[in-house]
Amino acid sequence: MEASLLIRIEIALLCIILCYILYYIAYISLKSSRSLRRMLGVWTAKKVKEKKYSVKVQKSDDSSVKEHTKNKKKLSNSEKLKLQELLKKVKISLSKREFDTAKNTIIEGLTIDKFNIDLNLELANVYIEEEEYVKAEYIYKDLILVHSEDTVLLKKLWYVLSVQEKYPLAIEVYKKAHREEKNDEEILNMLSQLTYFVWDYLWAIKYSKKYLKIAPKSTDNMYILAKAYEKTNSKEAALDIYKELSKIIPYDMKINAKINALSE
């Protein structure tokens, strides 16, 4: 009788341990998946509903853009020196991770020049550190209204959009950046990965080919191009890319398997 009771207790404990292990595995998998999506890994894809997106940036109620372009006051030498001093204080506070102090200093500077790009960028950095990505997004959008051709700002906006997993909108931001900088490697690389990631294979083919003209030995982009050709039933084109890949990495089993499968 006692032996039977002990066996039951052992079985119950085993069940509890198994449940905990399954829960832990599920938790780690979910966390890893989210991290991978944020890094925009190209080996997995997430299907999304096809929609048309555009970068919508609203002017503020006080028409800040109009004020900036037409009525921006000329700063005195003392105001310029004050802004430089405040910007130095901001950087020191940020190096110490004193975010509240940095924000207070930034606000003091923005009362002198609310369109100061350096102070606004530092404020956006503070919000990113505090994971207030929506607030950083608004700052970048406001700055882009005034500095519409600044590709660095567009890249920063893309970053906060991607962290929020707003991938279709992030693609539109990068397309705008691509129109400004046709041969920027980083922009083309991200457009290649992003469009493939949201299953927009025709655009992925377009941007991968453009990127490979600049960096013809990029195995990541070659792989994206081959997979995109497969998804669009262009098997011969996909096979050609896989053969090129096999010359660069000849012992890759996945690539050799793809070649065999597409050659049949």
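1. In this predicted model, helices H5 and H6 pack with their axes 7 Å apart and at an angle of about 160°. Angles over 145 degrees count as roughly antiparallel, and H5 and H6 are therefore roughly antiparallel to each other. H5 passes H6 in a left-handed crossing. On the H5 side the contact is made by Ile-117, Asn-120, Leu-121, Leu-123, Ala-124, Asn-125, Tyr-127 and Ile-128. H6 contributes Tyr-133, Lys-135, Ala-136, Ile-139, Tyr-140 and Leu-143.

2. Two of these H6 residues, Ala-136 and Tyr-140, recur in the largest nonpolar core, which has 48 residues. Ala-136 and Tyr-140 are among the residues with the most contacts inside that core, together with Ile-106, Leu-119, Leu-157 and Trp-158. At least two residues of the core come from each of the helices H3 (77–95), H4 (99–110), H5 (117–129), H6 (133–146), H7 (151–163), H8 (167–180), H9 and H10.

3. Ile-106 can be taken as one example from this core. Leaving aside residues up to four places away in sequence, Ile-106 touches Val-90, Leu-119, Glu-122, Leu-123 and Val-126. Of these, Leu-119 is itself listed with the most contacts inside the core, and Leu-123 also takes part in the contact between H5 and H6.

4. A second core, separate from the 48-residue one, has 20 residues. Tyr-201, Leu-225, Ala-226 and Leu-262 are included in the second core.

5. H10 and H11 pack at an angle of about 150°, and their axes are 9 Å apart. That angle makes H10 roughly antiparallel to H11. Their crossing is left-handed. From H10, the contact involves Tyr-201, Ala-204, Ile-205, Ser-208, Lys-209, Tyr-211 and Leu-212. From H11, Asn-221, Met-222, Ile-224, Leu-225, Ala-228, Tyr-229 and Lys-231 take part. Tyr-201 and Leu-225 thus appear both in this contact and in the second core.

6. H11 spans residues 219–231, which is 13 residues. The distance from its first C-alpha to its last is 18 Å, close to the 18 Å expected at 1.5 Å a residue. The buried residues of H11 are Asn-221, Met-222, Tyr-223, Ile-224, Leu-225, Ala-226, Lys-227, Ala-228 and Tyr-229. Their cover includes helices H9 (185–197), H10 (201–214), H12 (235–248) and H13 (253–263).

7. The backbone just after H11 deserves a separate entry. There, Asn-233 takes a positive phi of about 65°.

Methods: Residues are numbered from 1 along each chain as its sequence is written. This is a predicted model: local features need pLDDT of at least 70, side-chain atom pairs count only at pLDDT 80 or more; totals for chains, interfaces and linings use all residues. Side-chain values use heavy atoms; hydrogens and water are left out. Helices (H or I, at least four residues) and strands (E, at least two) are DSSP runs, numbered from the N terminus. The expected span of a helix is 1.5 Å times one less than its number of residues. Buried means under 20% relative accessible area, exposed over 50%, partly exposed in between (1.4 Å probe, protein chains only). Contact means heavy atoms within 4.5 Å. A nonpolar core is a set of buried Ala, Val, Leu, Ile, Met, Phe, Trp, Tyr and Cys residues joined through side-chain atoms within 4.5 Å. Axes are lines fitted to C-alpha atoms, for helices over the stretch in contact, and angles run from 0 to 180 degrees between N-to-C directions. Angles under 35 degrees count as roughly parallel, over 145 as roughly antiparallel, 65 to 115 as roughly perpendicular and the rest as oblique. A crossing is left-handed if the near helix is turned anticlockwise from the far one by less than a right angle, and right-handed if clockwise.
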